[in-house]
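Grab a coffee and work through these exercises with the viewer open. Try each task yourself before reading the solution.

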Amino acid sequence: MQAPQEDHFSVHIRIVGDWTSALSKACGAEEPEFQDAWKMPQIAVDGPFGTASEDIFRYQVGVLVGAGIGVTPFASVLKYIWYQYCNPDITLKLKKVYFYWICPDTLSFEWFADLLQSLENQMLERGMGDFLSYNIYLTRGWDANQAKNIILHEEENSDVITGLQQKTHYGRPHWDQIFSNIAQSHTGVSVGVFFCGPKGLSSTLHHMCNQHSSSDPRGVHFHYNKENF
């Protein structure tokens, strides 16, 4: 994942079987010390390829929805938005971003939560904490002991699982209520909705965009965009 302003890109691969285990070993992940580049295997990369998410800057309000591994493209998108927002020479039309991450298990938190933590800290330092609103939904993957631990730490300032200020939601999003709230908060605005994930949820979000768009040309309008991942 990479933003255009960065001089590097990173690849995040979960070890789940023989092939990914062998790849991890070949890349020196099991070595106790940092490995020199010449010792690493050579990797060829195709790209870059443009995506629908690049159109987010055409809207005043952006809604990003990533489900499961579909969250990956939004790592680059969120970083790109932030770099653009911090550039004093650029005046953005985009004023508000909502990010929704539907996660099947806690293992997926490991790498993406670090990015959100970094963005959260930078925005708070600049007094721009309201620019990005993010909501994480854990749909499964917790047991009784974890549930008790979550309840015990409910009053703490940071989330017990992610360490972020925004608390994790348990279960699936109520999209009808979410779109209704966004529509009420941004009357008369064009809202870009960007999704990457399974086909079933894509159909739901597309329907929500149509349902909550105003028939009045002066009202709020949701424009649906999807990634193929």
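**Exercise 1. The overall layout**

Which pattern of α and β does the protein follow, read along the sequence?

*Solution.* Keep in mind that this is a predicted model. Start by tallying the elements: there are 6 helices and 6 strands. Now walk along the sequence, and the pattern comes out as α-β-α-β-α-β-α-β-α-β-α-β. Next, look at how the chain packs: 39% of the 229 residues count as buried. Finally, take the contacts with a separation of 6 or more; residues 24 or more positions apart account for 75% of them.

**Exercise 2. Ordering the sheet**

Work out the strand order, then find the strands at the edges.

*Solution.* Trace the open sheet from one side, and its 6 strands read β4-β3-β2-β1-β5-β6, with parallel pairing. The ends of that order are the edges: β4 (169–170) and β6 (221–226) each have a single partner strand, so one side of each lacks a neighbour in the sheet. As background, strands of a sheet pair through backbone hydrogen bonds, either parallel or antiparallel.

Now zoom in on one pairing. Strand β2 (residues 96–103) runs parallel to strand β3 (residues 132–138), and 7 bridges join them. For a concrete example, pick I102: the bridge partner of I102 in β3 is Y137.

**Exercise 3. Helices on the sheet**

Find the strands that α5 and α6 lie across, and compare the lists.

*Solution.* Take helix α5 (residues 175–185) to begin with: it lies across β1 (61–67), β2, β3, β5 (190–196) and β6. Its direction is about 175 degrees to β2. Then move to helix α6 (residues 199–212), which lies across β1, β2, β5 and β6. Against β6, helix α6 runs at about 160 degrees. Put the lists side by side, and β3 appears for α5, while the α6 list does not include it.

**Exercise 4. An aromatic pair in α5**

How are W175 and F179 arranged as an aromatic pair?

*Solution.* The structure holds 6 aromatic pairs. For W175 and F179, the ring centres are 6.4 Å apart and the planes are at 65 degrees, which makes the pair edge-to-face. Then check the spacing along the chain: the two residues are 4 apart in helix α5, so about one helical turn separates them. What about burial? W175 is buried at 9% relative accessible area, and F179 is buried too, at 2%. To finish, widen the view: W175 and F179 belong to one aromatic cluster with Y100 and F222.

**Exercise 5. Two lysines**

Track down the surroundings of K93 and K96.

*Solution.* K93 sits in the loop between α2 (72–86) and β2. Its relative accessibility is 47%, so it counts as partly exposed. Now look for partners beyond four places in sequence: K93 contacts F57, R58, Y59 and Q60. Focus on R58, which is 35 residues away from K93 in sequence but 6.8 Å away in space, C-alpha to C-alpha. The link to spot is a polar atom of the K93 side chain, 3.0 Å from the backbone oxygen of R58. As for K96, it lies over the face of Y98, 5.2 Å from the ring centre.

**Exercise 6. A histidine in an edge strand**

Which backbone oxygen does the side chain of H221 reach?

*Solution.* First place the residue: H221 is in strand β6. Its side chain reaches the backbone oxygen of D216 at 3.4 Å. Setting aside neighbours within four places in sequence, H221 also contacts other residues, including V189, S190 and V191.

How values were computed: Residues are numbered from 1 along each chain as its sequence is written. This is a predicted model: local features need pLDDT of at least 70, side-chain atom pairs count only at pLDDT 80 or more; totals for chains, interfaces and linings use all residues. Side-chain values use heavy atoms; hydrogens and water are left out. Two strands pair if DSSP finds at least two bridges between them. Contact means heavy atoms within 4.5 Å. Axes are lines fitted to C-alpha atoms, for helices over the stretch in contact, and angles run from 0 to 180 degrees between N-to-C directions. Rings of Phe, Tyr and Trp (its six-membered ring) pair if their centres lie within 6.5 Å; planes under 30 degrees apart count as stacked, over 60 as edge-to-face and the rest as tilted. Buried means under 20% relative accessible area, exposed over 50%, partly exposed in between (1.4 Å probe, protein chains only). A charge sits over a ring if NZ of Lys or CZ of Arg is within 6 Å of the ring centre and within 35 degrees of the ring normal. A polar contact is a pair of N or O atoms within 3.5 Å; within protein, one must be able to donate a hydrogen and the other to accept it, and residues adjacent in sequence count only if both atoms are side-chain atoms.
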